[in-house]
Every structure is written in C-alpha cells, then in structure tokens.
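Here is a short set of exercises on one structure. Work through each task, then check the solution below it.

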Amino acid sequence: MQRRSFIRTLGAGAMLAAGGHVLRGGRVLGPWTRGFEEALAAAQAGTPILLHNNENPLGPGPRALAAMQAKLSERGVPAARYTSLVPDLADAIAGRFGCKPENVLIGCGSTQILRSATLAFTTPARGLVGGSPTYEECGDVARLVGAPIRAVPGTSTLHHDLDALAAAARGAGLVFFDNPANPAATLHPAKAVVAFLETVNRESPDTHILIDEAYHDYVTDPAHETQIPLALRNPRVIVARTFSKAYGMAGLRVGYAFAHPETIKKIRAQQYPQGTNVLGLTGALALITDLERLEQEKQRNTEARQFTIDWFKARGLEPTDSQCNFLFVDVGRPAKEFREGCQKEGIRVGRDFPPFEKSHSRISIGTIEEMRYATQAFARVLGVKAEAAA
Amino acid sequence: MPVSRRMFLGTQTNGAPRAASIAARGHEALAAEYGDGAAQAAAARRADAIRLNSNENPLGPSPAALEAIEGAFAFAGRYPMNARPAMADLRALLAKQHGLEVANVALGAGSGEILHSAVRAFTSGSRGLVAGVPTFESPVRVARAQNVPVAEVPVDAAGRLDLPKMIGASKGAGLVFVCNPNNPTGAVHPADAIRDLVSRIGAASPDSVILIDEAYHEYVTDPDYATAVPLIARHPNVIVSRTMSKLHGMAGLRLGYGLGGMKAIESLARWTMPYNANAPAVAAAVASVQDEAQIERERARNTEVRRFTTAFFRSAGFDITDSQANFVWVNLGRPAKAFRDACAEQGILVGRDFPPFEKTHCRISIGTMDEMKRAVAVFRSVLNLTSSSVSRQ
C-alpha cells in the first residue's frame, strides 16, 4: 500500500496552477517559491511514508530553495565553481549565536564533525565513552582508529546515566553526549548537564565532551538549555548542530559546531576540507536567520508528536518522553517484525537499536496527515484498535 | 565610493557591505585557513573576475544536469539515500557504465574525499605514500598531517611523472598516487605505461594500493591514453578516482567517486562519510555521466581554447607542456606569485604555487575562448610582451 489517501498527484498543469513556471524547452520548474508543499507531494507521490530517518517532512521551504535556485542562474556557473561560502556561513552563524567565526566549524552534516572530533580526540590509549543506545557515528570512527569504546547503559526511563557516564569518562579521549538523546528521544535538563560536565572536567581534565544537539530546535521542555555558551569558553566542550533536522536540509549536508578556537583547530585538522556544497551552504545562509520558520516547524512537529504519543498511550503502549522529531516506543515485539509489517503498509520506520532491538522501535514524526495515516497502519501491524476506547 | 583596483586585494568589495563585515577580520582569517589566501578570496568575490585558478568548467553543468538538480530540490529534506535518485542509484549506474559491480564503487564529496580517505585507509607510520612532485597536493598533505612517510618523485623535463622511479619507491608503500593526466603539469601517460606500472608494482609490492586519479580524464585527446579502469579486474589493489568537478562542471556540488577492487573499496569507504553525496549532486551526476553528446561538446570546446592558449605562449617563446587537461603549465621564468598578483590586479585569477616550481612556473586554467582572449591580453601586458596582433586594453 502506498500513500494515497491524503496526497494528490499533481501533473504539470497543477504544478503551474500551484505557482510553477515554464522555462527552457518547455519544462516545468517546481514552484519553489509558492505552493511548495504541493510540489513536494507530487515528487514524493508513490513513495513510502518515510518515518525512519528523523527528517523534516517539509524540507527546507521556499526561502532556502529560492536562494538555491538563484545559484542555478547564469547557466548554473556558480555550481561549477569551488565555493567560498564556508566562511560566510561561519560568519552568519557567529552573528546569530553571538560568538566569533573562529568558534564555528562547518561540516558535511554534523556527521562529519562527529567523525572529525573522534579522530581528533580518541586513540588506542584514550577511548570513546557514550550511552547505550546512542547515535553510532563516533563509535564507527573509534573502531577505525582502534580506540576502545565504553558504552554505558541508560536508566529505566532511557535517559543517559550521567553518573555512570562521568565515571566511565575518566581517562577517556572523548565523551559523546547527545542531548536530546537518539534514539531514546529523552532530554537531560540543563542543570544536570552542567553538573555532569563539571564532574568530567574535574575528574578527567583532558577529556573532551562532544554534545550533540541535533534535535535542539524540537525541544519543548523548559528545563532544556543549549550548552553553546559553555562550549565557547571551555576548551573541552564541543556542541554540534545540524541543518538536517528542523531546518529540513538532510539532503544538502551541512552541519556546524561550536567550541573554543583552539579546539576548533584540532578538529578541523582532521577534517576533509571540501565536504560542503554551494547549494547546502546557500540554503543554510538563507535559513540561519529565519527564526520564524524554525518556530513554525517546532510547532508543527510538537502537534504531530503529541498526536502520535497520545495514540500510543491510549493503546497502552508507552513511548519515552520525546523531545525530538521521533518517538522511541516499546512495541512489545522485535523492531524488525514491526518494521517489516509497516513496510508492507507503505511506511518505513527506524532500524534496530541494540540492546533494544527486541522491544523498541524508533518512529520519526511526519506531517500530522502522515501520522494519522501511519497510526491506522500501526494499528493493523500491532493488532490494536485503530480507534481508541472511549 | 568607487572601488579601486587595488582595494579588492586587501578588503572585500562589490555591492552593499555584507552583514558580516563586523566579523571581516575573522572572515579573512578563516579564508586564509581554508587555503584560499585572503587576496585570492577577496579577488574571487569580484563579479567580473576571470577565474583561471581552479580548473573549473567555465560554462557550468549541462542543461540536463541543471534540470536534475532542480528536480532534486523536492528531496532536499531527505537524506541522500532516501532521495530520488538515491546514492545507490548512482552507484549502480556507474558500476554498469564501467562494467563493474556496485561493490566496486565508492562515492565521495568530491574525488578529494576519495583521495583523503585512501591516504587514511592505506597508509600508516610504517607504510608510506609515493607521489610525484609536483602533483595534486592533497594526498601528500593528508599523509604529512598524519606523520606518514612520503616519497616524492620529481617529474621529468616534460612534466611527466617519473614512473620507473615511482615503481622503485613503491616497495612496502601503503599507497602510490598516480595523477593521470598530472595536475599541474597537464602531462598524460599512455595506457601501456600505466598498465606496466600497475603490473610491476603488483609484482614488487603486492600489498601497495595504486590510486590513479583521473580527474581530467574526459578532457584528454591523446589517442594513446586510456582509462585505467579495465586494470581493476586483474589488479584489485587499483583504485581509479573520477570527479564531477571538472568536465561535468559541478565543482561546487561536491561529488566524485572511486572505482576499484571490492576489498580496496570496502576499506576506503569505511573512511568516507556516510551520506556524503548530497541529493542534488547525485541527481545531476546521474544525468551528466550519461550525456555523451554534452561530454563530447565540452571536450571539443576545451581542446580548441587550450590550443589557442598553448599557441599564444609558444609563439611568445615560453616553454609550455603539452597539456591534456583544462589547464596549461607554463615556464614564465619568474615567480608564480609575482605573475599571479599582477594578473589579479587586472581581474584575472591564475593558479597557486606548485613547489618546487613556484619560482618559474604557473598553472593557468582554460576558460571560455572569450575569457582566454581577454586573459592573453593581460598576460601580454604583465609579461611585457609587444605585439601588433593583440591590442592592449
């Protein structure tokens, strides 16, 4: 079964009606500045509903796409030039966050920054410490360089166990700390994070801590605070951010990080310097100051997330307290079984996250329409009632 | 306030002050750190600059590629493996085009990532890198940063890699880097010489990986040249890198690929970033690598302008290699920097220093015919040439 109940397939005529225009050779350009959602739906018609990679289902939006489109003018010559926009984006990010460009590192997604930081700070003698489960990127690199890995199990509420992490951090090269956490979706309040960082700094002063705030813009819990200000002054702390989540640019590969200039230099020294592309940088420049769009996306996600949480709870299934654009749910069966059932319904949900692969599934939050549709399918796969008991 | 010719060398120019001008010092420092040099970065911001410094295609991507890029905008929010076409579609297409399996293909954010990752994957403190000098510097730079021993083998008088000496230096090496055609000299090695190099290194140092960088492959016109891809079948330690940044006109989009034996590609790919190829670049590459007519048109265009540029320097009495790429390598008998700075003052950007030839040689990329005619006029004035055939501006 494919998505069809709520998405119209648009032909060229409808694209034009939605704001597209005809260019060379009579081809119809996507109406990127108006009617974007219709164009998106047309392009994605017939594809499964993608709830497996924590993407923003609406993409970067018209402002970024229009800026990118301008790079295709003059026969696209700007796309043929090696780009010089990296420093421009570092400037813009520094301006937005009130720091210096020297505090900012740009990467090919925050993925590249996670990898480079692992290369910079772990060795066979000084390992990597992280929660279990957590996002795997740093672990993959630590294995490449032969750095030992200590995975610290979380608490019963699937929060990271900060005391145990701090104890494991003694002598480590790098602690990877995702807040909110992936895949658990749980948040660690600012007070606890600051205390944790102080403990690590005190007990293991040479250890670096990489705080991955990929989902920061989706957090609604008022106890949350970014640790960017701390990263600017504490040479052991790095905060990574991404344009792949709330900014909707996963396909364009731009991430960024904040740290002390000396720390930035160490990470950059490990980094392939030409990983970012002109379209992604252009989109990022258009979006970094667009706080209104960010707020809209947060509200959209919060509403669809609450709908999905409520749906599971009404059926006695308990997701963790999600502060992200995904849920981590005990579906009472192997993730693989649930995933394959959903796939047959035209819906893709998250991969295995050991050691929870026998019970939990990570489900990304799509649009509210997608979640209404998906939950009907979940009901069939899980053998629960589609409508909640009154 | 009028902007003087000199001003752009030291500060930013054109248009309204950028919002980030408060951070201009930081910007310049960053620009320098990213390797542009502040003067180059500032000059490059001039709208009317003629950019002959980075071996780019001056005409941009093909019309089919542009259309594909825009088509991929709908997938900008999706990771590249979820876009249409996806990274896997491009890998499958490249495998088919080259008569290989998908597992023989690795994608990179530019072929630079393939080169960078190859050094990481195949060299160590005890297994070094062998490269020509001058050649594309990236592998040597990465190796030095990792304290990997580097054997640099000078090119011959014609700018060709000294293949016998490179074979000699390969014993026990982790990686041998062969740039063919060679950047910056433009010299190309015939297919039989590369075949011979691969089999001799294979015999003398069977664990060494041979990375053959064919970034300029599509621009070669010498009939004795051929790609090294067919060698992969018998020599699984061969990796051939290609890029979308040169003839395909997508330097800003960051996409390249490596083709090689499955085991070598697997080792290499562990060092590349996951989802490194952005969705628009993947879509553009799928369109562009299949566009034979466009490839032929762009090759012919470059060949004509390259011939014009080569003839100018030859007739002016300068020694110039027989370039097979989209740049020329000229012995100007003066430091590249002096020439570069003088050209930049007149809006022409030419190539960086390539030690140990920085006191004599300059690399000049091939622009459009119109750009090269304007550039040649500037070269005449900078080089103090007199001529009645080209008017001064």
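**Exercise 1. Find the two domains of chain B and describe where they touch.**

Start with the assignment. The model is predicted. Chain B is assigned domain 1 (7-59 + 293-382) and domain 2 (63-291). Domain 1 is thus written as two segments, domain 2 as one.

Next, take the spacing. The centres of domain 1 and domain 2 of chain B, taken over C-alpha atoms, are 25 Å apart.

Now count the contacts. On the domain 1 side of chain B, 26 residues meet 23 residues of domain 2 of chain B. Two elements of chain B, α12 (292-315) and β10 (327-331), give two or more residues each to the domain 1 side. The top contributor is α12(B), with seven residues.

Finish with composition. That side of domain 1 holds 11 nonpolar, 11 polar and four charged residues.

**Exercise 2. Work out which helices of chain A supply the side that touches chain B.**

Begin with the totals. Chain A brings 63 residues into contact with 56 residues of chain B.

Then list the suppliers. Each of these helices of chain A gives at least two residues: α2 (36-44), α3 (62-70), α4 (77-80), α5 (85-97), α6 (109-121) and α12 (278-287). Of these, α5(A) gives the most, eight residues.

Last, sort by type. The chain A side divides into 33 nonpolar, 20 polar and 10 charged residues.

**Exercise 3. Summarise the fold of chain A in numbers.**

Count the elements. Chain A has 15 helices and 13 strands.

Check burial. Chain A has 390 residues, and 57% of them count as buried.

Look at sequence separation. Take the contacts in chain A between residues at least 6 apart in sequence: 71% of them join residues at least 24 apart.

**Exercise 4. Locate the nonpolar cores and trace the contacts of V175(A).**

Recall the general trend. In soluble globular proteins, nonpolar side chains tend to be buried together.

Take the largest core. The largest nonpolar core has 194 residues. Those with the most contacts inside it are V175(A), L210(A), A118(B), L211(B) and V282(B). Helix α11 (residues 279-288) of chain B gives this core its largest share, eight residues.

Zoom in on V175(A). Set aside its neighbours within four places in sequence. V175(A) is then in contact with V129(A), G130(A), L165(A), A169(A), V200(A), T207(A), I209(A) and L210(A).

Close with the second core. A separate core of 36 residues includes A43(B), Y219(B), V305(B) and W329(B).

Terms used: Residues are numbered from 1 along each chain as its sequence is written. Chains are lettered from A and ligands numbered from 1 in the order in which they are written. This is a predicted model: local features need pLDDT of at least 70, side-chain atom pairs count only at pLDDT 80 or more; totals for chains, interfaces and linings use all residues. Two residues are in contact if their C-beta atoms, placed from the backbone, lie within 7 Å. Helices (H or I, at least four residues) and strands (E, at least two) are DSSP runs, numbered from the N terminus. Ala, Val, Leu, Ile, Met, Phe, Trp, Tyr, Cys and Pro count as nonpolar, Asp, Glu, Lys and Arg as charged, and the others, Gly among them, as polar. Domain bounds come from an automatic or database domain assignment. A residue is buried if 20 or more other C-beta atoms lie within 10 Å of its own, exposed if 12 or fewer, and partly exposed in between; C-beta atoms are placed from the backbone. A nonpolar core is a set of buried Ala, Val, Leu, Ile, Met, Phe, Trp, Tyr and Cys residues joined through C-beta atoms within 7 Å.
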